[in-house]
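Welcome, and please take a look at the structure below. A short guided report comes after it.

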Amino acid sequence: MRSTSKIEWELALSERFSSMYQKISDEKLKALQVAYLEMYKQFDKICKEHGLISYMVAGTLIGSLRHGGYIPWDDDIDLVMFREDYNRLKEVFTDNQYFELISPAETKDSVFKVMKLQSKSWTYYDVLGEGFSQKKYLYLDMLPIDFVPENDIVRKLKGLLFRALDLSHNSSRCYTKYTPHLTYMSKESKELKKNLWIRRIVGFPAYIIGPSNMYKLMEWLIQSKKKTSKVTIAYGVKGYLGETVDYKTFFPARKYPFEGLEFDGPNDADTYLTNRYGDYMTPPEKKEQTERHVRLKDNWVDLIERR
């Protein structure tokens, strides 16, 4: 079954639903990258002032190694922190003049599992202009790095339980309460309608107890005070078990070039990226490079009612 996001992105570019979305042109993408870089610089400066270390990962790290900066079509910054530093973010960024810290544990009207360091000044409209949201602010994603059990059996059991909770949490976003635009679009797409039906069954436990409470349960499960030889980015694309690597793969941090500057990243970038992507130096197909370059308009409901 294809992911809900891939189906949405494909439909967003179709003639039927394109009016609900604003496409990000190459020129606008450059402006977005400039804004995110400024946010990254400010965030990194604040972290250093408080002894925190963030690590560039995923597409941001690939961009550093392959392009010396952004992957040309990338539209965000991917960051992680060891749990000890991650848990200090709330303390450090409370009443910060540049960023507002938004936690999945404290949000009731949407479903996400990344800590958001949201700009207090830049909306998508401010950076990208007409047609983009005046309500949604740019933000940096932050995920925790956690230690995992040395015992293979215990680690696998913990990983499987986390996978079940994570899948339910992710799927709960498919309920109309959180993504009404998907419910509307499913009326015209049998694939999306079937996809949402299945996802809502899987997401029912999280929906009932509340996604924020499911997130708290996931946090309780993966946090460990005991240092071991292996770590994971449990909320990463490959999940608790798939993202598990040796501790020395990340620590100590190393400097990597990014848009003429230097930022911290894993000690062994090749091992991390190979585990995550396989052949990470070969660019994906053209379609995959641009499929995410759309944003839902604030007034999408008004637009469809005018038809």
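The report goes from the whole chain to a few individual residues.

## The chain as a whole

Please keep in mind that this is a predicted model. The protein chain has 307 residues, and a compact globule of that length would have a radius of gyration near 19 Å; the value for this chain is 20 Å, which agrees. Along the principal axes, the C-alpha atoms fill a box of roughly 60 × 45 × 40 Å. Its secondary structure consists of 15 helices and 11 strands.

How much of the contact network links residues 24 or more positions apart? Such pairs account for 69% of the contacts in the protein chain with a separation of 6 or more.

## Surface, burial and charge

Of the 307 residues, 51% count as buried. The accessible surface of the protein chain comes to about 15600 Å², and carbon and sulfur atoms contribute 53% of that area.

Turning to charge, there are 48 positive and 43 negative side chains. The centres of these two sets lie 5 Å apart.

## Two cysteines and the disulfide count

Cys47 has 0% relative accessibility and therefore counts as buried, the cut-off being under 20%. Cys174 is also at 0% relative accessibility, so Cys174 counts as buried by that cut-off. As for disulfides, the structure holds zero.

## Around Val57 and Ala58

Val57 sits in the loop between strand E2 (55-56) and helix H3 (58-67). Is this loop residue buried or exposed? Val57 is buried, because its relative accessible area is 4%. Leaving out residues up to four places away in sequence, Val57 touches Asp78, Leu79, Val80, Phe250 and Tyr272. Val57 can also be paired with Leu273: the two are 216 residues apart in sequence, while their C-alpha atoms are 8.2 Å apart in space.

Next along the chain, Ala58 belongs to helix H3. Its backbone deserves a look: Ala58 has a positive phi of about 50° although it is not a glycine. With a relative accessible area of 7%, Ala58 is buried.

## Backbone features at Pro252 and Glu259

Which two residues are joined by a cis peptide bond? They are Phe251 and Pro252, with omega at about 0°. Pro252 is located in the loop between helix H12 (247-250) and strand E9 (254-258).

On the other side of strand E9 comes Glu259, in the loop that leads to strand E10 (261-265). Glu259 is not a glycine, yet has a positive phi of about 55°. Its relative accessible area is 39%, so Glu259 is partly exposed, whereas Ala58, with its positive phi of about 50°, is buried.

## A buried loop residue, Ala234

Ala234 is found in the loop between strand E7 (230-232) and helix H11 (239-242). Ala234 has 0% relative accessibility and so counts as buried.

Which residues does Ala234 contact, leaving aside its neighbours within four places in sequence? They are Pro144, Phe162, Ile222, Gly239 and Tyr240. Ala234 and Glu219 are 15 residues apart along the chain, and their C-alpha atoms are separated by 9.7 Å.

Definitions and conventions:
Residues are numbered from 1 along each chain as its sequence is written. This is a predicted model: local features need pLDDT of at least 70, side-chain atom pairs count only at pLDDT 80 or more; totals for chains, interfaces and linings use all residues. Side-chain values use heavy atoms; hydrogens and water are left out. Helices (H or I, at least four residues) and strands (E, at least two) are DSSP runs, numbered from the N terminus. The radius of gyration is taken over C-alpha atoms; the globule rule is 2.2 Å times the number of residues to the power 0.38. Buried means under 20% relative accessible area, exposed over 50%, partly exposed in between (1.4 Å probe, protein chains only). Contact means heavy atoms within 4.5 Å. Accessible areas come from the Shrake-Rupley method with a 1.4 Å probe; for residues, only the protein chains shown count as cover. Lys and Arg count as positive and Asp and Glu as negative; His and the chain ends are not counted. The place of a charge is taken as NZ of Lys, CZ of Arg, CG of Asp or CD of Glu. A disulfide is a pair of cysteine sulfur atoms within 2.5 Å.
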